[in-house]
Amino acid sequence: MAVLTRAALAVALACAVSPAACDEPAQLENEIKATYVYKFAPFVTWPRAVAQAGPFDICVSGADAVTQLLPQAVAGQQVNGRAIEIRHLADADAPDNCPILYVAASAMSAQVVDAAHGKPILTVTDASLPGVVQFVVVGHHVRFDIDESLAAQSGLSISSKLLGLANRVVPAPQEKR
Amino acid sequence: MSASGTAKKPRFAPWVALVGALVLLPAGVVMALYEDHLYEAQRLDQTREQAEILAASVSAAVSFGDRKAADEYVEPLRVNPGIAAVGVYAKNGPLLAGFAREGSLPPPAFLTMTPPTRHGDRIVVTVPVKQQDTALGTVYLRAFTEPMENRVLRYAILTLLAVMAVIVTGGLGSAQIRLQRQAQSLAETNARLQTEMAERARAEEALRQSQKMEAIGQLSGAMAHDFNNHLMIIKGNLHFIQRKLPPGPDRHVTAAMEGINRAAALTQRILAFSRKQDLNPVTVQLNELVTDTDDLIRNSLRENIEVVRELKASWSVVVDRNQMENVVLNLVINARDAMPQGGTLYLETSDETLVGWLGDVPAGDYVRLIVRDTGEGMSEEVRAKALDPFFTTKPLGQGTGLGLSMTVGFVSQSGGYMSIDSALGRGTAIVIYLPRANGLSAETGERKERV
């Protein structure tokens, strides 16, 4: 069996989402990130208070290349049988009923992330922001770090399978839960 | 008494073994088929479980298309020699990771879900990769089953064992039969030996008895003969004395005469017993003889005794007529004395043909006379001594103990045989066999006798 490189696979995945963007490395990177956002969902368990039915909301704060690609990435996808909806939050909006919140880098992003912490929200951010999941690029590959400590504060539990795939895991404090 | 009828029953055992084998073998075939079916189902379950375990652990790697992570989950399955090929597929079907054992086809490059199938001795199972309720991809697993040849070989070995067991059972069964036959023949031999011993004891007893009789007979016969001669001398001289005396009976001479006559009768009986009496054998029809003595018999019996005659003999015999009448009379009187309370006296004659020796008479035609009473019978001890001379159960002075002795002596001297059939409470039968008169029919014998 031929050994494909991770990048090649990433290209393949990206091309599957948006064939037009195949040849631009940065574009490819963003497409992969956009695809990853909804894929975290099956590996995360939210507290019961969070809605378990109806459309699965992926909230977006701010705007960048990833947020642009998101609607395309989630098109036709489902999380546990629920259709995925992208909801753009205005700067002033509180991130309520958002199981996943993607925060694009912007002037307000730090505050948005802070506001979300402590609520049952899986924050997904780029490396510059402290989200539960942070995208990182390691040797031309898109990877992610997971801050289990933050996840625990927000009442989220993340599957060990996902943790096993992470580039780096900030472990949760042993006592606090 | 021989090897006839031996070991008929034990022949049963090998049949049972054979029938058991015939029943067990098809049952074994059914069991083998069922076991084979079970094995397949079990192997399928095992393979599916393995695929499900892989699908559960590989889900994140599949979801994020992480080929390296997927490989980490797939590789450990290589150590399982039962797995021919493994494939992990992303959501829309492309192969993400997998391997094929040497000599096996690689997992397909693109996969759609199929129900479990069988290709020769391979089982193919596909299971979905899911996280919570979200479908993420597919796992493909192809596993070896034990090749058919191996299974057939295993069942063949089992069949061989079963057949050997049947053979052993059959062998044991026939060995058992042989043992039983031996035991049976041993038992038969033992029984035969015991019978022979008993017969020998009886023969020895009879020999002793006849030797005793012989000795007594010779002694008493010789004495009686001499004694009789002396009596005759005394008797002759008494006649002379009588003539010399005045005419008319002399009291003393008469008394002496009576004494001599009684002594002569006694010696006559002793001579009869010792088979030395002078006989005048003629051809006699026993039926006629019994009928002729009817008056004598009737006179000697009491009112309370009924006489039943069954005279069926047609052959004649050659005997001394007077002595024979004495014998009948003697036996009738014995029967009467055995029935003081009354009863029935049977007088029977018949023609008999002996096919072998009876006592000391050979095979041939005989006329049998039976004098039977319904009296008290004899105990075994009495019966054993009944033929001894001077043995009697009658009160002192009533019997001489010579009746049966002289009867048996007379029968013996006439070439016949006499026996006693008796038991306490069952009455007594005296059975006498006399040889058939040679070449003479009853009529001619009778006529000759009368002329």
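Reader: Before we start, what counts as a helix or a strand here, and how many of each are in chain A?

Author: Helices (H or I, at least four residues) and strands (E, at least two) are DSSP runs, numbered from the N terminus. This is a predicted model, by the way. With those runs counted, chain A has 10 strands, and its helices number six.

Reader: And what about chain B: how many helices and strands does that one have?

Author: Chain B is built from 451 residues. Its strands come to 12. The helices in chain B number 11.

Reader: What share of chain A is buried?

Author: A residue is called buried when its relative accessible area is under 20%. Chain A has 177 residues to sort that way. The buried share of chain A is 46%.

Reader: How about chain B, what share is buried there?

Author: The cut-off is again under 20% relative accessible area. Applied to the 451 residues of chain B, it gives a buried share of 37%.

Reader: How much accessible surface does chain B have, and what part belongs to carbon and sulfur atoms?

Author: The accessible surface of chain B is about 26300 Å². For chain A the figure is about 8400 Å², with 55% on carbon and sulfur atoms. In chain B, the carbon and sulfur part is 60%.

Reader: Where do the two chains meet, and how much area do they bury between them?

Author: The size of an interface is often given as the accessible area lost when the parts come together. Here 22 residues from chain A and 22 residues from chain B take part in the contact. Carbon and sulfur atoms carry 56% of the buried area. The total for chain A and chain B is about 1800 Å².

Reader: What links turn up across that interface, salt bridges or polar contacts?

Author: The rule for salt bridges finds zero between chain A and chain B. The rule for polar contacts, with both residues at pLDDT 80 or more, finds 10 residue pairs. On chain A, the elements that each supply at least two residues to this side include α1 (6-17) and α2 (25-39). By class, that side has 14 nonpolar, five polar and three charged residues. So going by those rules, the links found are polar contacts.

Reader: One last spot: is B:Asn322 buried or exposed?

Author: B:Asn322 sits in helix α8 (residues 321-338) of chain B. Its C-alpha atom is 9.5 Å from that of B:Pro281, 41 residues away along the chain. The relative accessible area of B:Asn322 is 54%, and the cut-off for exposed is over 50%, so B:Asn322 is exposed.

Methods: Residues numbered from 1 in each chain as written. Chains lettered and ligands numbered in written order. Predicted model: local features only at pLDDT ≥ 70, side-chain atom pairs only at ≥ 80, totals over all residues. Heavy atoms only, no water. Buried < 20%, exposed > 50% of the residue type's maximum accessible area, 1.4 Å probe, protein only. Areas by Shrake-Rupley, 256 points an atom, 1.4 Å probe, with all protein chains shown as cover. Contact = heavy atoms within 4.5 Å. Buried area = accessible area lost by both parts, 1.4 Å probe. Salt bridge = Lys/Arg side-chain N within 4 Å of Asp/Glu carboxyl O. Polar contact = N/O pair within 3.5 Å; in protein donor to acceptor, adjacent residues only side chain to side chain. Nonpolar A, V, L, I, M, F, W, Y, C, P; charged D, E, K, R; others polar.
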